[in-house]
Amino acid sequence: AGVPFGIHYLLETSFGTGQLLWKVDSNIYYKNTGDVLNAGLGRLYYACSTATTTGFSNTVVIKVANSLWRFLSGGTVSAATSIPAYNALVAPNAVGGLVYLDGTYYSLTNEMKIYGSGVEDPTTWSALNMIQGSATPGRGVFLGKYYKYVAAFSTYSVQFFFNAGNPTGSPLSVVPNTYVEFGLVGEEAIQKIGDTYFWIGQTKT
């Protein structure tokens with residue numbers, strides 16, 4: 001019994017046959033009910049590295065409310081450690097969702113700012129690694145991944161970004177001509193099934 005806040009079946013190759021990651025009330029469980037992390041209330045999001053040659057290979061990054069944690073796949077979620085750099089810089093204004101794309105983890109704020117981590121390093125977050133999205137009018141609500149794109153949902157719009165490999169600042173750039181004037185009512189009102197997003201939308205008019 002309890003309030004569910006998300007369940008994920010981890011399909012990344014680093015997980016072999018896959019493992020369950022789920023949350024009930026304040027507790028996050030991984031693989032079995034004996035492996036538990038008390039992370040507080042809030043919806044559970046996750047992203048994980050597909051790298052095999054870095055110090056953070058096979059790392060699972062989990063986000064609950066405005067806190068970020070990491071642990072090793074095949075390890076135990078109870079041994080997860082928090083990420084102070086993210087919690088200080090991004091967490092105060094963070095909204096729903098967490099994306100891993102081409103070595104970088106991304107998180108969105110209510111100001112429509114997308115912050116990125118260091119390359120294959122979820123412990124490093126810099127104010128310089130940021131791109132400002134458009135939410136005119138509205139505020140940031142949720143960040144998702146659609147194939148090779150990062151999708152930033154605001155209350156009245158959706159904007160798409162791609163990995164442009166920019167040498168400074170954020171690696172992301174805006175995908176031209178993809179601005180959608182149809183937003184998201186709240187982070188609890190969106191769900192991805194396979195490669196398709198379903199959400200409760202709204203427009204300004």
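**Figure 1. The largest nonpolar core of this predicted model has 25 residues.** Some members of this core are better connected than others: L68, Y86, W125, F142, F153 and L184 touch the most other members. Which strands each supply at least two residues of this core? They are β5 (44-48), β13, β14 (149-154) and β15 (158-163). There is also another core, lying apart from this one, with 15 residues. Among its members are L37, C48, I62 and A80.

**Figure 2. Here we zoom in on Y86 and the residues it touches.** Y86 is one of the residues that touch the most other members of the largest nonpolar core. What does Y86 touch, once residues up to four places away in sequence are not counted? Its partners are K63, N66, S67, L68, A91, A94, S107 and W125. Two names here may ring a bell: L68 and W125 are also listed with Y86 among the core residues that touch the most other members.

**Figure 3. Q159 is a buried residue in strand β15.** Is Q159 buried or exposed? Its relative accessible area is 9%, and buried means under 20%, so Q159 counts as buried. A polar atom of the Q159 side chain lies 2.7 Å from the backbone nitrogen of S134. S134 also turns up in the list of residues that Q159 contacts, leaving aside neighbours within four places in sequence. The rest of that list is M112, G133, V150, A151, A152, V174 and Y179.

**Figure 4. S154 and S157 meet through their side chains.** These two serines make a polar contact, at 2.6 Å. S154 is found in strand β14. How much relative accessibility does S154 have? The value is 0%, and S154 counts as buried.

**Figure 5. A salt bridge joins D102 and K148.** The side chains of this pair meet with N and O 2.7 Å apart. Where in the chain do the two partners sit? D102 is in the loop between β9 (99-101) and β10 (104-108), while K148 is in the loop between β13 and β14. The partners are 46 residues apart, and the pair links distant parts of the chain. D102 has a relative accessible area of 40%, so it falls in the partly exposed class. How many salt bridges are there in total? The count comes to two.

**Figure 6. E111 and K113 form a salt bridge too.** The closest N and O atoms of this pair are 3.7 Å apart. Are these residues buried, exposed or something in between? E111 has 43% relative accessibility and counts as partly exposed. K113, at 22%, is also partly exposed. Partly exposed covers the range between under 20% and over 50%, so the 22% of K113 falls within that class.

**Figure 7. Three tyrosines make a nonpolar patch on the surface.** Y146, Y147 and Y149 form this patch, and together they have about 310 Å² of accessible area. Y146 belongs to strand β13, which covers residues 140-146. With a relative accessible area of 34%, Y146 is partly exposed.

**Figure 8. G6 in strand β1 has contacts further along the chain.** Strand β1 covers residues 4-10. G6 is partly exposed, with a relative accessible area of 26%. Setting aside neighbours within four places in sequence, G6 is in contact with L21, W22, K23 and L44. How far apart are the C-alpha atoms of G6 and V24? They are separated by 7.7 Å, with the two residues 18 residues apart along the chain.

**Figure 9. D25 and E120 each have a positive phi without being a glycine.** Phi of D25 is near 55 degrees, and for E120 the value is about 55 degrees. Both sit in loops: D25 between β2 (19-24) and β3 (27-30), and E120 between β11 (113-118) and β12 (121-132). D25 is partly exposed, with a relative accessible area of 32%, whereas E120 is buried at 13%.

**Figure 10. Stepping back, the protein chain has one helix and 20 strands.** Of its 205 residues, 46% are buried. The chain exposes about 9600 Å², and carbon and sulfur atoms supply 56% of that area. Among contacts between residues at least 6 apart in sequence, 42% join residues at least 24 apart.

Key: Residues numbered from 1 in each chain as written. Predicted model: local features only at pLDDT ≥ 70, side-chain atom pairs only at ≥ 80, totals over all residues. Heavy atoms only, no water. Patch = residues over 30% accessible without salt bridge, like charges linked within 9 Å, V, L, I, M, F, W, Y side chains within 5 Å. Areas by Shrake-Rupley, 256 points an atom, 1.4 Å probe, with all protein chains shown as cover. Salt bridge = Lys/Arg side-chain N within 4 Å of Asp/Glu carboxyl O. Helix = DSSP H or I, 4+ residues; strand = E, 2+ residues; numbered from the N terminus. Buried < 20%, exposed > 50% of the residue type's maximum accessible area, 1.4 Å probe, protein only. Core = buried A, V, L, I, M, F, W, Y, C linked by side-chain atoms within 4.5 Å. Contact = heavy atoms within 4.5 Å. Polar contact = N/O pair within 3.5 Å; in protein donor to acceptor, adjacent residues only side chain to side chain.
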